[in-house]
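Please read the following with the sequence and the model side by side. The account starts with the whole chain and ends with single residues.

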Amino acid sequence: MRDSFFGSTTGYNDIMDFTGGNRDLGQPIVQYYNNVFTGASDDMLDLDGTDAWVEGNIFMHSHRNGSPDSSAAISGGSYDLAPVRAVCGTSEITIINNLFFDCDNAGTAKEGNFFTFINNTIVHTTKTGGEDFASGVVNSRDTTPTVTAIGAGFIWKAISF
């Protein structure tokens, strides 16, 4: 996805929900370059079991409004790949040179996912405007409606707050 503009959602909806595309399986990965996301009532990019490259995008106003779990600009959870292999797919997402403004969480890497953040700018991280119980730059698990497994981790390099 390149050079696109995405408006907001209402109810329990992601802007883009994508599953599949895993380096470990020799599959191509999804890529997002220079897009603008203006709001979401759940996640902007929900990438379960999906490896991705996310560069040069603007993410604004991602707030939990109607969703049962947390809201983030970029979220990754596990995905059952049992029909393909007897494993559970996770996400490895590289996030470079993006702007995050007024989001509950810039990233949610839960259920064994791993995010690499390089040269991003994260401004005004807050739950104000949504129903989330807390907010943070990153989120490593959901606690509602049920507790999820913790993510594999994050790498940070040269981030501006």
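What follows describes the overall fold, then the surface and charges, then three loop residues.

The model is predicted. Its secondary structure consists of 17 strands and zero helices. The C-alpha trace spans about 40 × 35 × 25 Å along the principal axes. How does the radius of gyration stand against that of a compact globule? For 161 residues a compact globule would have a value near 15 Å, and the protein has 14 Å, so the two agree.

Two further totals describe the packing of the chain. Of the 161 residues, 47% are buried. Among contacts with a separation of 6 or more, 65% join residues that are 24 or more positions apart.

The accessible surface comes to about 7,200 Å², and carbon and sulfur atoms contribute 54% of that area. As for charge, the protein carries 19 negative and 8 positive side chains. The centres of these two sets lie 6 Å apart.

Among the individual residues, D142 can be taken up at the start. D142 sits in the loop between β16, residues 136-139, and β17, residues 153-157. Is D142 buried or partly exposed? Its relative accessibility is 3%, and because buried means under 20%, D142 counts as buried. Which side chain makes a polar contact with the side chain of D142? That partner is K110, at 2.6 Å. K110 also appears in the list of residues in contact with D142 once neighbours within four places in sequence are left aside; the others in that list are D69, S70, V147 and T148.

The remaining two residues are taken up for their backbone angles. Most residues other than glycine have a negative phi. E111 is not a glycine, yet has a positive phi of about 55°. E111 is found in the loop between β13 (105-109) and β14 (114-118). With a relative accessibility of 24%, E111 counts as partly exposed.

H124 is likewise a residue other than glycine with a positive phi, here near 55°. Where does H124 lie? H124 is in the loop between β15 (121-123) and β16. The relative accessibility of H124 is 48%, and since exposed means over 50%, H124 counts as partly exposed.

In short, D142 is a buried loop residue whose side chain makes a polar contact with that of K110, whereas E111 and H124 are partly exposed and have positive phi values.

Definitions and conventions:
Residues are numbered from 1 along each chain as its sequence is written. This is a predicted model: local features need pLDDT of at least 70, side-chain atom pairs count only at pLDDT 80 or more; totals for chains, interfaces and linings use all residues. Side-chain values use heavy atoms; hydrogens and water are left out. Helices (H or I, at least four residues) and strands (E, at least two) are DSSP runs, numbered from the N terminus. The radius of gyration is taken over C-alpha atoms; the globule rule is 2.2 Å times the number of residues to the power 0.38. Buried means under 20% relative accessible area, exposed over 50%, partly exposed in between (1.4 Å probe, protein chains only). Contact means heavy atoms within 4.5 Å. Accessible areas come from the Shrake-Rupley method with a 1.4 Å probe; for residues, only the protein chains shown count as cover. Lys and Arg count as positive and Asp and Glu as negative; His and the chain ends are not counted. The place of a charge is taken as NZ of Lys, CZ of Arg, CG of Asp or CD of Glu. A polar contact is a pair of N or O atoms within 3.5 Å; within protein, one must be able to donate a hydrogen and the other to accept it, and residues adjacent in sequence count only if both atoms are side-chain atoms.
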